[in-house]
Amino acid sequence: MNGWHLLPAALLVLACSGRYGGAPGAGARITIRGSDTLVVLMQRWAEAYTTSQPDVVVEVSGGGTGTGIAALMNGTTDLAMASRPIAPEERARIEGSGAKLVEIPVALDAVAIYVHESNPLSALTLDALRGVFAGKIRRWSELGGADRPIVLYSRESSSGTYAFFKEHVLQKCDFAPETQSLPGTAAVVQAVARDPAAIGYGGIARARGVKVLPLRLADGSVVAPDHEAATTGRYPLTRPLFVYLRAPANPEAEGFARFLVGPEAQALAEEAGFFAWRSPP
């Protein structure tokens, strides 16, 4: 079994110290902000948690990974959702105040490539995908598709998915100037679903009403963003999803964080179309 299924060391330390698992106080409130990729799943987790903890109110809002981390830095959220690892300068700002940053991997995701359901392509290489979003490949006919211009849809720059795609696909080069940035993965999916010339990207769990293009690897094999490929790391655009908190934190937020890596929450992640970070027993 690979290390993705191990309990995060920082969370384990806090659990052993007795800080996790305490009963929340009456009327307790937990605020969670950040990743659009995680927001729907987090809402499901919050609903499940408050079923057994009816005195707790969990408030979940999106806005992107950058928004969540900024809120954690300025103390306006208890937990930040992130679809990328926190940057060194962000960590430094939090820990420079004397707090300890706790990073908790809560699920695995595969960044999928969305095209219209009528698109005839069967797969793309990473090089071709880079050429498309960098603006070097501009027509579908260059890839074996219809003779029409390629319409590009992306996430906004505050998104962790945007940052991940830019690093792992564009290799930190710029997106083509004509790329249309949309506020949220759902907006990207909707745009691609109604435009036969479109291509976009986002978490696999949001791929509804679009065709997901597998990736062709250097050895010629084709790999789809499915459970086996993601959990073994074979799909090259697999990524962990995180929750961050500042320690010491309020016991309600810590208790909820503990819940997120437990079997109930991880089973809900699988049901929602993600992949469990820790396999439920």
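## Helix and strand exercises

Helices α2 and α10 are oblique to each other. The model you are looking at is predicted, and these exercises let you work through it piece by piece.

**Exercise 1.** Work out why α2 and α10 are called oblique.

*Solution.*
Step 1: find the two helices; α2 covers residues 36–52 and α10 covers residues 263–271.
Step 2: look at how they meet; their axes come within 10 Å and cross at roughly 140°.
Step 3: apply the cut-offs; an angle over 145 degrees would count as roughly antiparallel, and 65 to 115 as roughly perpendicular. The angle of roughly 140° fits neither range, so the pair is oblique.
Step 4: add the handedness; the crossing of α2 with α10 is right-handed.

**Exercise 2.** Find which residues make the contact between α2 and α10, and sort them by class.

*Solution.*
Step 1: on the α2 side, pick out Leu41, Arg44, Trp45 and Ala48.
Step 2: on the α10 side, pick out Glu264, Ala265, Gln266, Leu268, Ala269 and Glu271.
Step 3: sort them; the contact holds six nonpolar, one polar and three charged residues.

**Exercise 3.** Describe how strand β1 pairs with β2 and with β3.

*Solution.*
Step 1: start with β1 (residues 29–34) and β2 (residues 57–63); they run parallel and are joined by six bridges.
Step 2: check individual partners in β2; Arg29 is bridged to Val57, and Thr31 to Glu59.
Step 3: turn to β3 (residues 79–82), which pairs with β1 in the parallel sense over three bridges. Here Gly34 has Met81 as its bridge partner.
Step 4: bring the helix back in; together, β1, α2 and β2 form a right-handed β-α-β unit.

**Exercise 4.** Give the strand order of the sheet that contains β5, β10 and β11, and name its edge strands.

*Solution.*
Step 1: read the order; the three strands lie as β5-β10-β11 in an open sheet with mixed pairing.
Step 2: find the edges; β5 (124–125) and β11 (222–223) each pair on one side only.
Step 3: look at one pair up close; β10 (residues 215–216) and β11 are antiparallel, with two bridges. Opposite Leu215 you will find Val223 of β11.

Terms used
Residues numbered from 1 in each chain as written. Predicted model: local features only at pLDDT ≥ 70, side-chain atom pairs only at ≥ 80, totals over all residues. Heavy atoms only, no water. Axes fitted to C-alpha atoms, helices over the stretch in contact; angles between N-to-C directions. Helix = DSSP H or I, 4+ residues; strand = E, 2+ residues; numbered from the N terminus. Parallel < 35°, antiparallel > 145°, perpendicular 65-115°, else oblique. Left-handed = near helix turned anticlockwise from the far one by under 90°. Contact = heavy atoms within 4.5 Å. Nonpolar A, V, L, I, M, F, W, Y, C, P; charged D, E, K, R; others polar. Pairing = 2+ DSSP bridges. Right-handed = clockwise from strand over helix to strand, strands pointing away.
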